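This report describes a structure through its secondary structure, sheets, surface and charged pairs. The sequence and model come before the text.

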Amino acid sequence: MSHYETNILPTLEDNPDFFKRKSLYFASKREDMKMLKKEFANLQAHQFPVRFLSRRDMRDRWSFEKEGAIVTEGDAEINIFNNIHYLLSAASKKGVEIFEESEIVGQKWGKDTVKLYTDNKSVIQTKYVIYATGYEAQMDIAEKNAMIVSTYALATNPVDYQWPEDMFIWETARPYLYLRRTLDKRIIIGGLDESTSDSRKRDRMLVQKRDQLLKQLLLLFPMLKDKLEPAYYWTGFFGETHNGLPMIKQHPNYSNGYYLLTYGGNGTVYSMILSDLMKKFIVNGDSKGMELYYH
């Protein structure tokens, strides 16, 4: 059971659709088996709960055959929108001041304090400023280790079909496809990333990517032909790092300003790690572990 599950979620009034899941990670092509077996060996060596599926194992339980796959445990899904509001509510009850719908339009930096001026004439005074603004931080610091790509996804109409144990599904190909089911029986599939940060070019490809995603979904689940349609589809920017790790960066001009750059597919996990490190650093002066992510 994860630290997040045991120490955060049960303290809230409601569970924001939090469910533990297993993940199926399959080889997209035969050449990927060497890498997949190496991944399996590493997970097994570090005592992660993992098992290997052969082509025969896949044929017995799944609607599609692959050269091999690994099943991991300890993953989970969560309603991020609801969870953010639950966390903000819990923090507010503990005395945290929250300024919503407030754009920072001015800053005055001092040696020990910072004053932030909002568009609604409020002044926030603090000792440290931590920027957790996601990919927009690139406009301030232009980090060379980061890259912005365009990604695509669709959600189908509700369908009465359930694959084994409602696992998350993803693959070894890069960029990879990922799939999951929703509580209202829809299937979400995403991926087909493009290396463009031009929003107009990204948006022009949306319909084409929608059709490609639906085609890939039916290749995996051919029995759903004539039953699925793309009820919702969308695109957006996605941030990654070249080394796969999140980053902590100090403000280029001020020693009491920091950026938490949790780019990548593990953004929620990275956010938990980096926020815990920053808390220990600011409150206790403990910088242990920060060297892994500090740039």
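## A helix residue at the surface

Leucine 88 lies in helix α4, which covers residues 80-93; helices here are DSSP runs of H or I with at least four residues, strands are runs of E with at least two, and both are numbered from the N terminus. Leucine 88 is partly exposed, because its relative accessible area is 38% (buried is under 20%, exposed over 50%, partly exposed in between, with a 1.4 Å probe and protein chains only).

Leu88 belongs to a nonpolar surface patch with Ile80, Ile84, Val96 and Ile98, and together they have about 390 Å² of accessible area. Patches take residues with over 30% relative accessible area and no salt bridge, joining nonpolar side chains (Val, Leu, Ile, Met, Phe, Trp, Tyr) within 5 Å and like charges within 9 Å. Areas come from the Shrake-Rupley method with a 1.4 Å probe, and for residues only the protein chains shown count as cover.

## Basis and overall figures

The model is predicted: local features need pLDDT of at least 70 and side-chain atom pairs count only at pLDDT 80 or more, while totals for chains, interfaces and linings use all residues. Residues are numbered from 1 along each chain as its sequence is written, and side-chain values use heavy atoms, with hydrogens and water left out.

The protein has 8 helices and 14 strands. Of its 295 residues, 38% count as buried. The C-alpha atoms fill a box of roughly 65 × 45 × 40 Å along the principal axes. About 18,000 Å² is exposed, 50% of it supplied by carbon and sulfur atoms.

## The sheet of 8 strands

One open sheet of 8 strands runs in the order β2-β3-β1-β9-β10-β11-β8-β12 with mixed pairing; two strands pair if DSSP finds at least two bridges between them. β2 (50-54) and β12 (230-241) are at the edges with a single partner strand each, so one side of each has no neighbour in the sheet. Neighbouring strands are turned by 25° against each other on average, direction ignored; axes are lines fitted to C-alpha atoms, for helices over the stretch in contact, and angles run from 0 to 180 degrees between N-to-C directions.

Within this sheet, β1 (residues 19-26) and β9 (residues 168-171) pair in parallel over 4 bridges, and leucine 24 stands opposite isoleucine 169 in β9. Helix α7 (residues 206-220) packs on the sheet, touching β1, β8 (146-156), β10 (178-181), β11 (187-194) and β12, where contact means heavy atoms within 4.5 Å. The direction of α7 makes about 125° with that of β11.

## The sheet of 3 strands

A further open sheet has 3 strands in the order β4-β5-β6, with antiparallel pairing. Its edge strands, β4 (104-109) and β6 (123-126), each pair on one side only. β4 is joined to β5 (residues 114-118) by 5 bridges, and glycine 106 stands opposite tyrosine 117 in β5.

## Salt bridges

The whole structure holds 20 salt bridges, each a side-chain nitrogen of Lys or Arg within 4 Å of a carboxyl oxygen of Asp or Glu. Glutamate 165 pairs with arginine 61, the closest N and O atoms being 3.7 Å apart. Glutamate 165 lies in the loop between β8 and β9 and arginine 61 in helix α3 (residues 55-61), so the bridge ties together parts 104 residues apart in sequence.

Lysine 209 and glutamate 194 form a salt bridge at 2.6 Å, N to O. This pair links helix α7 to strand β11. Lysine 209 is buried at 6% relative accessible area, whereas glutamate 194 is partly exposed at 28%.
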